[in-house]
Amino acid sequence: MTNTYDAIIIGGGHNGLVAAAYLARAGRKVIVLERRHIVGGAAVTEEIFPGYKFTEFSYVVSLLRPEIIRDLELPKHGLKILPLPSTFTPTENNDYLAAWDDHDLTRREIYRHSPKDAEAYDEYARVMARAAKAIKPIINLIPPDPSSLHPRDLFNLLKVGQYAASLKEKELYTIAKLATQSSADLLEEWFETDALKGTKAASGIIGTFLGPRSPGTAYVLLHHYMGEIDGAFRAWGFAKNGSGGVSGSILSAAESLGVEIKVNASVKQVIVKNPSTSSGQARAVGVALDNGDELQSKVVMSAADPKRTFLQFVEGKHFPDEFITSIQNFRTRGSSGKVNIALSELPNFTALPFEGKGHDSVLHRGAVSISPSIDYIERAYDDAKYGQISKRPYLDMIFPSMIDPDMAPPGQHVMSCFVQYAPYDLEGGWNDAKRNELGEAVISTIEQYAPNIRKAIVGMQVISPKDIEAIAGITGGNIFHGELLLHQIFFLRPTPQWADFRTPLKGYYFGAAGAHPGGGVMGAAGMLAAKEILKDGM
Ligand SMILES: Cc1cc2nc3c(=O)[nH]c(=O)nc-3n(C[C@H](O)[C@H](O)[C@H](O)COP(=O)(O)OP(=O)(O)OC[C@H]3O[C@@H](n4cnc5c(N)ncnc54)[C@H](O)[C@@H]3O)c2cc1C
């Protein structure tokens with residue numbers, strides 16, 4: 001094995017793997033260096049208790065770019081996405097609101113709560129789908145620097161202009177409104193049923209340190225509308241073997257294209273060659289690992305979070321001061337936790353109980369959302385605003401063993417609970433007692449709706465934002481590497497003038513969730529960064 005490569009990718013998250021695969025596909029010699037013993041980053045599946053496999057962080061798929069699935073032939077490499085057919089929201093009066101995969105059933109269900117909402121529902125879905133479709137092309141645009149006269153930026157700006165000109169007037173206004181509104185304001189214009197508004201508003205707060213009444217959350221809601229599965233727009237699914245199944249298929253594709261993968265390889269620093277003349281430019285020429293090994297390459301791409309990428313891997317003297325300040329100010333406030341539970345039986349929701357063992361239960365094949373109203377979620381946010389774990393958190397739960405039986409031993413189950421809010425900057429800091437408090441907030445919340453949950457617990461993994469940082473290696477524990485706020489998207493992500501995957505250090509690129517178009521298991525940042533590297537003639 002020689003230590004010289006065309007490209008070194010720091011970080012084996014799914015974006016790093018996607019970038020490596022695209023570069024190798026173009027004939028480049030590529031190595032991925034991952035600090036953990038497995039690749040996948042926040043998209044991993046691990047057997048935390050013997051026989052019980054947890055889709056440890058990320059748990060549902062929708063945003064993964066269809067062109068990546070096609071280009072890398074991911075189904076051939078094991079990618080299989082299973083449908084998640086419903087969302088069930090139990091309410092505080094022992095009723096529920098459900099959205100099924102049958103349009104008429106869902107409409108009838110909403111009608112049961114409010115004929116007016118049932119009437120509005122189809123039109124709302126149409127408006128959101130149109131807005132998501134209208135904004136979707138932005139995902140594949142290279143954000144230009146609007147202040148630059150460089151031909152590349154002018155070309156990219158022209159493409160943005162062409163895109164904006166292609167929008168109908170109505171779409172433009174809807175997008176402008178969605179980009180600035182709160183999800184509560186948006187939903188209150190449409191609906192009156194608390195559980196409907198609460199459940200829809202929840203998509204607007206995921207991964208942000210904002211409540212549903214905060215402006216900007218309607219955009220986050222829209223971000224979650226942009227996915228598709230097998231051409232079914234806006235559908236969410238569960239990958240066979242959890243999110244590790246997605247990363248596993250990209251890994252297999254990358255390896256088949258010749259990418260070298262090195263795990264337990266933590267990068268300490270990017271090696272920079274200083275110019276021999278004062279007019280020359282410094283350039284990234286390789287990396288040094290924590291274990292002292294050094295590897296050389298023509299280019300280095302970081303697929304870790306922006307703070308590591310710019311404040312840790314490279315000496316500050318290689319970047320302008322204002323660039324460093326801007327990265328320091330990039331908001332990476334973690335607000336979410338995850339509680340993964342091994343179960344001897346399924347939680348039985350009193351609002352729609354099952355008989356027997358519940359293996360034929362319909363609601364457990366989909367998501368269960370604890371979001372009875374906008375006020376409920378806003379109150380959960382109030383706790384977090386002042387540094388506390390939400391006493392009654394928003395929960396998004398799925399039961400992977402009901403979708404993919406290989407996730408748990410026969411007759412047993414696993415449950416994935418996404419929790420918000422659990423602030424990274426918790427008053428008094430995170431420790432085992434606080435982790436227990438988070439676990440208890442989750443269990444006692446579920447217990448209100450499914451009283452058998454406590455006795456069914458076989459094992460429980462509680463993940464705070466500090467644990468997301470420690471295990472997945474995401475500074476600040478924000479699930480998107482940085483909140484999807486209006487001042488942190490498109491040509492401002494991660495920082496103005498450097499949103500096109502290049503950096504002020506020549507030969508050093510950045511292609512992960514902290515770059516355009518943001519977080520989620522999308523692969524877009526990795527793919528676009530690889531294409532820009534190739535455009536630069538590497
Ligand atoms: C709790 C949680 C739930 C989520 N749920 C969903 C969901 O259901 N659906 C969805 O679409 N998205 C979800 N997300 C978001 C999504 O998982 C992430 O946005 C996405 O996985 C980020 O991918 P990435 O490749 O950009 O970065 P990461 O996955 O963070 O990968 C970065 C990699 O860099 C490595 N690294 C860091 N430092 C070094 C170093 N010094 N040397 C070498 N390697 C290094 C890390 O170990 C890591 O493997 C969730 C995230 C979390 C945390």
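This tour proceeds through a predicted model, one selection at a time.

**The nonpolar core**

Begin by selecting I9, A20, A21, M301 and A529. These residues have the most contacts inside the largest nonpolar core, which has 166 residues. Next, select residues 14-25, helix α1, which supplies the largest share of this core with eight residues. In soluble globular proteins, nonpolar side chains tend to be buried together.

Then centre the view on A21. Apart from neighbours within four places in sequence, A21 is in contact with L72, I250, A253, A254, L257 and V259.

**Strand β2 and L33**

Move to residues 30-33, strand β2, which contains L33. Is L33 buried or exposed? The residue has 24 C-beta neighbours inside 10 Å and therefore counts as buried, since 20 or more are required. Display its contacts beyond four places in sequence: they are I8, I9, I10, K262, A265, V267 and V287. One of these, I9, has already appeared among the residues with the most contacts inside the core.

For a sense of scale, select G429 together with L33. The two are 396 residues apart along the chain, and 31 Å separates their C-alpha atoms.

**The pair α3 and α4**

Select residues 103-113 (helix α3) and residues 115-135 (helix α4). The two helices pack at an angle of about 145°, and their axes are 6 Å apart. To see where they meet, show R107, I110, Y111 and H113 on the α3 side, with P115, D117, A118 and Y121 on the α4 side. Five residues of this contact are nonpolar, one is polar and two are charged.

Keep α4 in view and follow it from end to end. At 1.5 Å a residue, its 21 residues should span 30 Å, and the end C-alpha atoms lie 31 Å apart, which agrees. Where does α4 bend? The bend is at Y121 and amounts to about 35°. Y121 is thus a residue to label twice, because it also belongs to the contact with α3.

Now colour the buried residues of α4, which are Y121, M128, A131, A132 and I135. Add α3, α6 (169-180) and α9 (217-223) to the display, as these helices are among the elements that cover them.

**Helix α5**

Select residues 151-166, helix α5. This helix has 16 residues and reaches 22 Å from its first C-alpha to its last, close to the 22 Å expected at 1.5 Å a residue. How many of its 16 residues are buried? The count is one, and α5 is hardly covered.

**From the Q420–Y421 bond to α15**

Zoom in on the backbone between Q420 and Y421. The peptide bond joining them is cis, with omega near 25°. Y421 belongs to the loop that runs between β18 (413-420) and α15.

Continue to residues 432-449, helix α15, and pick A441 within it. A441 counts as buried because it has 24 C-beta neighbours inside 10 Å. Its contacts, leaving aside neighbours within four places in sequence, are I389, S390, K391 and P393. Then select A472, which is 31 residues from A441 along the chain; the C-alpha atoms of the two are 23 Å apart.

**Helix α17 and K466**

Select K466 in helix α17, which covers residues 465-472. K466 is buried, as 21 other C-beta atoms lie within 10 Å. Beyond four places in sequence, K466 touches Y424, W430 and G477. Add N431 to the selection: although N431 and K466 are 35 residues apart along the chain, their C-alpha atoms are separated by 9.4 Å.

**The loop between α17 and β20**

The last stop is the loop between α17 and β20 (508-510), where P494 is found. Select R493 and P494 to inspect a cis peptide bond with omega near 0°.

Two further residues of this loop deserve a selection. F490 lies in the loop and has phi near 50°, a positive value in a residue other than glycine. F490 is partly exposed, with 15 other C-beta atoms within 10 Å. Q497 is also located in the loop, and its phi is positive, at about 75°, although it is not a glycine. With 19 C-beta neighbours inside 10 Å, Q497 counts as partly exposed, because a buried residue needs 20 or more.

Technical notes:
Residues are numbered from 1 along each chain as its sequence is written. This is a predicted model: local features need pLDDT of at least 70, side-chain atom pairs count only at pLDDT 80 or more; totals for chains, interfaces and linings use all residues. A nonpolar core is a set of buried Ala, Val, Leu, Ile, Met, Phe, Trp, Tyr and Cys residues joined through C-beta atoms within 7 Å. A residue is buried if 20 or more other C-beta atoms lie within 10 Å of its own, exposed if 12 or fewer, and partly exposed in between; C-beta atoms are placed from the backbone. Helices (H or I, at least four residues) and strands (E, at least two) are DSSP runs, numbered from the N terminus. Two residues are in contact if their C-beta atoms, placed from the backbone, lie within 7 Å. Axes are lines fitted to C-alpha atoms, for helices over the stretch in contact, and angles run from 0 to 180 degrees between N-to-C directions. Ala, Val, Leu, Ile, Met, Phe, Trp, Tyr, Cys and Pro count as nonpolar, Asp, Glu, Lys and Arg as charged, and the others, Gly among them, as polar. The expected span of a helix is 1.5 Å times one less than its number of residues. The bend at a residue is the angle between axes fitted to the seven residues ending there and the seven starting there.
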